[in-house]
Amino acid sequence: MLNISFWNMAGVVIEVLLLYLCLKKFLFKPIKAIQEKRQAMIDGQMQHAEQKNSEALELKSQYEEKIASMQDESDQMIEKAKKDAQFEYERIISQANSEAGSLMKKAKDNIELEREKAKHEMESQVADLALLAASRILGEKSGAESDQALYDQFLNKAGDSDDRDRN
């Protein structure tokens, strides 16, 4: 049967108190100390992680600024290259036009020179033909028919066949 007495109850309470004090001294304090150390370590790691995170965000913003500035710089370089290419294109076109104009002028000068040369040759041939005609006129008997034949021959060699109207 269950015997409940004051002294038994007091002994159980004292044993429980002693057990609690022993557990508190030898178990709860070391466990609490370990928990505090772990909490401090976790807090330190969290603080370190937050610091690294803020540094990473700062580096990210710096990299983004650098990328933006590099993009601006590359855009400026591309724009400058386009302007340089356009300037070079216009210079080459201008030079080609100048050279073409020079060649055209030289060709026209050559054509004019050839035309003058041909004209002088033609004048020389006309003079020769006129001398030949005059020598034949003086050497042969003159008459209206022979004069007309010589004149026609002269005109045929000179290349003008429509001068009959002038006579």
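Visitor: In which helix do glutamate 112 and arginine 115 both lie, and about how many turns of the helix are they apart?
Guide: In this predicted model, glutamate 112 forms a salt bridge with arginine 115, and their closest N and O atoms are 3.4 Å apart. Side chains of opposite charge can pair when their charged atoms come close. The two residues are three apart along the sequence, and both belong to helix α1, with about one turn of the helix between them.

Visitor: Is arginine 115 buried, partly exposed or exposed?
Guide: Its partner, glutamate 112, counts as partly exposed at 34% relative accessibility. The cut-off for calling a residue exposed is over 50% relative accessible area. Because the relative accessible area of arginine 115 is 53%, arginine 115 is exposed.

Visitor: How far apart are the closest N and O atoms of glutamate 88 and arginine 91?
Guide: Glutamate 88 and arginine 91 are also residues of helix α1, where three residues, or about one turn, separate them. Glutamate 88 is partly exposed, with a relative accessible area of 32%, and arginine 91 is partly exposed as well, with 37%. These two residues form a salt bridge, and the distance between their closest N and O atoms is 2.3 Å.

Visitor: Where is the kink in α1 centred?
Guide: Helix α1 runs over residues 6–139, and from its first C-alpha to its last it reaches 187 Å, which is close to the expected 200 Å. Within this helix there is a bend of about 45°, and the residue on which the kink is centred is lysine 24.

Visitor: How much accessible area does the nonpolar patch on the surface have together?
Guide: The patch includes Leu23, Leu27 and Phe28 among its residues. Leucine 27 is found in helix α1, and with a relative accessible area of 37% it is partly exposed. Residues need over 30% relative accessible area to join such a patch, so leucine 27, at 37%, passes that cut-off. Taken together, the residues of the patch have an accessible area of about 820 Å².

Visitor: What radius of gyration does the protein have, and what would a compact globule of 167 residues have?
Guide: The protein has two helices and zero strands, and its C-alpha atoms fill a box of roughly 190 × 30 × 20 Å along the principal axes. Of its 167 residues, 4% count as buried. A compact globule of 167 residues would have a radius of gyration near 15 Å, whereas the protein has 62 Å.

Key: Residues are numbered from 1 along each chain as its sequence is written. This is a predicted model: local features need pLDDT of at least 70, side-chain atom pairs count only at pLDDT 80 or more; totals for chains, interfaces and linings use all residues. Side-chain values use heavy atoms; hydrogens and water are left out. Helices (H or I, at least four residues) and strands (E, at least two) are DSSP runs, numbered from the N terminus. The expected span of a helix is 1.5 Å times one less than its number of residues. The bend at a residue is the angle between axes fitted to the seven residues ending there and the seven starting there. Patches are made of residues with over 30% relative accessible area and no salt bridge: like charges are joined within 9 Å, nonpolar side chains (Val, Leu, Ile, Met, Phe, Trp, Tyr) within 5 Å. Accessible areas come from the Shrake-Rupley method with a 1.4 Å probe; for residues, only the protein chains shown count as cover. A salt bridge is a side-chain nitrogen of Lys or Arg within 4 Å of a carboxyl oxygen of Asp or Glu. Buried means under 20% relative accessible area, exposed over 50%, partly exposed in between (1.4 Å probe, protein chains only). The radius of gyration is taken over C-alpha atoms; the globule rule is 2.2 Å times the number of residues to the power 0.38.
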